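Here are a few short exercises to work through with the model open beside you. Try each task before reading its solution.

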Amino acid sequence: METAGEIEEESKHAKWTDEEVAALVDYLHTNRSERADAGNFRQATYAKAAESIRKLHRSGKIKDSKNVS
């Protein structure tokens, strides 16, 4: 049985489903022209990517730009 502290700690972590991972990869591939000069994506692109997969959320922390970068 989980304690309240364990449940609270669990909710701080993003849990990724295969569907979310595939959607994120697809989004970044489709929007690869938004990469910055160094080859990484800009924070705005990561924020849009997180928003695009929000509808797929099942459990854990809702993904944000920090989780997808």
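Helices here are DSSP runs of H or I with at least four residues, numbered from the N terminus. The model is a predicted one.

**Exercise 1. Find the helix that holds Ser 65, and decide whether this residue is buried or exposed.**

Solution.
- Step 1: Ser 65 lies in helix H4, which covers residues 65-68.
- Step 2: The relative accessible area of Ser 65 is 18%.
- Step 3: Buried means under 20% relative accessible area, so Ser 65 counts as buried.
- Step 4: To see what surrounds Ser 65, set aside its neighbours within four places in sequence; the contacts are then Gln 43, Tyr 46, Ala 47 and Ala 50.

**Exercise 2. Describe the secondary structure of the chain as a whole.**

Solution.
- Step 1: Count the elements: there are four helices and zero strands.
- Step 2: Following the sequence gives the pattern α-α-α-α.
- Step 3: For burial, 22% of the chain's 69 residues count as buried.
- Step 4: Take the contacts between residues at least 6 apart in sequence; 48% of them join residues at least 24 apart.

**Exercise 3. Work out how the axes of H2 and H3 are arranged.**

Solution.
- Step 1: Locate helix H2 at residues 18-30 and helix H3 at residues 43-53.
- Step 2: Their axes come within 9 Å and cross at roughly 140 degrees.
- Step 3: An angle over 145 degrees would count as roughly antiparallel, and 65 to 115 as roughly perpendicular; H2 is therefore oblique to H3.
- Step 4: The crossing of H2 past H3 is right-handed.

**Exercise 4. Which residues of H2 and H3 meet, and what is their chemical character?**

Solution.
- Step 1: From H2 come Glu 20, Ala 23, Leu 24, Tyr 27 and Leu 28, and they meet Thr 45, Lys 48, Ala 49, Ser 52 and Ile 53 of H3.
- Step 2: Sorting the residues of this contact gives six nonpolar, two polar and two charged.
- Step 3: Now pick out Tyr 27, which touches Thr 45, Lys 48, Ala 49 and Ser 52 when residues up to four places away in sequence are not counted.

**Exercise 5. Assemble the largest nonpolar core and find which helix supplies its largest share.**

Solution.
- Step 1: The core has ten residues: Leu 24, Tyr 27, Leu 28, Phe 41, Tyr 46, Ala 49, Ala 50, Ile 53, Leu 56 and Val 68.
- Step 2: At least two of these core residues come from each of H2 and H3.
- Step 3: H3 gives the largest share, with four residues.

Notes. Residues are numbered from 1 along each chain as its sequence is written. This is a predicted model: local features need pLDDT of at least 70, side-chain atom pairs count only at pLDDT 80 or more; totals for chains, interfaces and linings use all residues. Side-chain values use heavy atoms; hydrogens and water are left out. Axes are lines fitted to C-alpha atoms, for helices over the stretch in contact, and angles run from 0 to 180 degrees between N-to-C directions. Helices (H or I, at least four residues) and strands (E, at least two) are DSSP runs, numbered from the N terminus. Angles under 35 degrees count as roughly parallel, over 145 as roughly antiparallel, 65 to 115 as roughly perpendicular and the rest as oblique. A crossing is left-handed if the near helix is turned anticlockwise from the far one by less than a right angle, and right-handed if clockwise. Contact means heavy atoms within 4.5 Å. Ala, Val, Leu, Ile, Met, Phe, Trp, Tyr, Cys and Pro count as nonpolar, Asp, Glu, Lys and Arg as charged, and the others, Gly among them, as polar. A nonpolar core is a set of buried Ala, Val, Leu, Ile, Met, Phe, Trp, Tyr and Cys residues joined through side-chain atoms within 4.5 Å. Buried means under 20% relative accessible area, exposed over 50%, partly exposed in between (1.4 Å probe, protein chains only).
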